[in-house]
Amino acid sequence: NDTLVFKVSGKIFLLLSLEASPLQFNVKCDPEQAEILREEYSSVIPAFHMNKKHWNSVILDCNVPSGLIREMIDASYRLVIKTLPLKERKKLESK
């Protein structure tokens, strides 16, 4: 009830906590990129209750540039799309 779940073809690519203050969200991330972002930004941490190798939590406290936030969400979406069967990917491409 307190988390928005964003999915593509039934697979989660973003979780947004409505109760956290400041707001925060979880996104899927390439493992190497996940580590780089965690080292560079104190507001990017391993995601709670998720596979910490593949998921980051991003705390929206003005530490992370808005452009990078959009890039992380787009990258998460693309990572999930890559795991879908070819038939599902083709459906998404035709929309």
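**Exercise 1. Find how Lys 91 and Glu 88 meet, and place the pair in the fold.**

Solution.
Step 1. The side chains of Lys 91 and Glu 88 form a salt bridge, with N to O at 3.4 Å. The model is predicted, and side-chain atom pairs count only at pLDDT 80 or more.
Step 2. The cut-off for such a nitrogen–oxygen pair is 4 Å, and the 3.4 Å of Lys 91 and Glu 88 meets it.
Step 3. Both residues belong to helix 3 (residues 86–93) and sit 3 residues apart, about one turn of the helix.
Step 4. An α-helix has 3.6 residues a turn, so residues three or four places apart point the same way.
Step 5. Now check accessibility. Lys 91 is partly exposed at 42% relative accessible area. Glu 88 is partly exposed too, at 25%.

**Exercise 2. How many salt bridges does a search of the whole structure find? Describe the one between Arg 38 and Glu 35.**

Solution.
Step 1. The search finds 2 salt bridges.
Step 2. One of them joins the side chains of Arg 38 and Glu 35, at 3.1 Å from N to O.
Step 3. Helix 1 (residues 31–40) holds both partners, 3 residues apart, about one turn of the helix.
Step 4. Arg 38 has a relative accessible area of 16%. Buried means under 20%, so Arg 38 counts as buried.
Step 5. Glu 35 has 40% and is partly exposed.

**Exercise 3. Which residues of helix 1 are buried, and what covers them?**

Solution.
Step 1. The buried residues of helix 1 are Ala 34, Leu 37 and Arg 38.
Step 2. Viewed down the axis of helix 1, these residues fall within an arc of 100°, so they line one face of the helix.
Step 3. Their cover includes strand 4, strand 5 and helix 2.
Step 4. Turn to the face away from the buried side. There helix 1 carries the exposed residues Glu 32, Glu 39 and Glu 40.
Step 5. Finish at the N-terminal end of helix 1. Asp 30 caps it, with a side-chain oxygen 3.2 Å from the backbone nitrogen of Glu 32.

**Exercise 4. Work out the strand order of the sheet, and say why strand 1 and strand 4 each have one side without a neighbour.**

Solution.
Step 1. The sheet is open, has 5 strands and follows the order 1-2-3-5-4, with antiparallel pairing.
Step 2. Strand 1 (3–8) and strand 4 (44–46) stand at the edges with a single partner strand each, so one side of each has no neighbour in the sheet.
Step 3. From one strand to the next, the twist averages 25°.
Step 4. Helix 2 (residues 66–83) packs on this sheet and touches strand 1, strand 2 (11–17), strand 3 and strand 5. The direction of helix 2 makes about 40° with that of strand 3.

**Exercise 5. Trace the pairing around Val 27, which stands opposite Leu 14, and follow it to helix 2.**

Solution.
Step 1. Strand 2 and strand 3 run antiparallel and are joined by 4 bridges. Here Leu 14 stands opposite Val 27 of strand 3.
Step 2. Strand 3 (residues 24–28) also runs antiparallel to strand 5 (residues 55–59), with 5 bridges between them. Val 27 stands opposite Asn 56 of strand 5.
Step 3. Move to helix 2, where Ser 76 is found. Ser 76 touches Phe 13, Val 27 and Lys 28, leaving out residues up to four places away in sequence.
Step 4. Ser 76 is buried, at 0% relative accessible area.

**Exercise 6. Which peptide bond in the loop between strand 2 and strand 3 is cis? Then find where Ser 9 and His 49 lie.**

Solution.
Step 1. A hairpin of 6 residues links strand 2 to strand 3. Ser 21 and Pro 22 are in this loop.
Step 2. The bond between Ser 21 and Pro 22 is cis, with omega about 0°.
Step 3. Ser 21 is exposed, at 73%.
Step 4. Ser 9 has a positive phi of about 50° although it is not a glycine. Ser 9 lies in the loop between strand 1 and strand 2 and is partly exposed at 34%.
Step 5. His 49, also not a glycine, has a positive phi of about 65°. The loop between strand 4 and strand 5 holds His 49, which is exposed at 69%.

Technical notes: Residues are numbered from 1 along each chain as its sequence is written. This is a predicted model: local features need pLDDT of at least 70, side-chain atom pairs count only at pLDDT 80 or more; totals for chains, interfaces and linings use all residues. Side-chain values use heavy atoms; hydrogens and water are left out. Two strands pair if DSSP finds at least two bridges between them. Helices (H or I, at least four residues) and strands (E, at least two) are DSSP runs, numbered from the N terminus. Axes are lines fitted to C-alpha atoms, for helices over the stretch in contact, and angles run from 0 to 180 degrees between N-to-C directions. Contact means heavy atoms within 4.5 Å. Buried means under 20% relative accessible area, exposed over 50%, partly exposed in between (1.4 Å probe, protein chains only). The arc is that of the directions from the helix axis to the C-beta atoms. A polar contact is a pair of N or O atoms within 3.5 Å; within protein, one must be able to donate a hydrogen and the other to accept it, and residues adjacent in sequence count only if both atoms are side-chain atoms.
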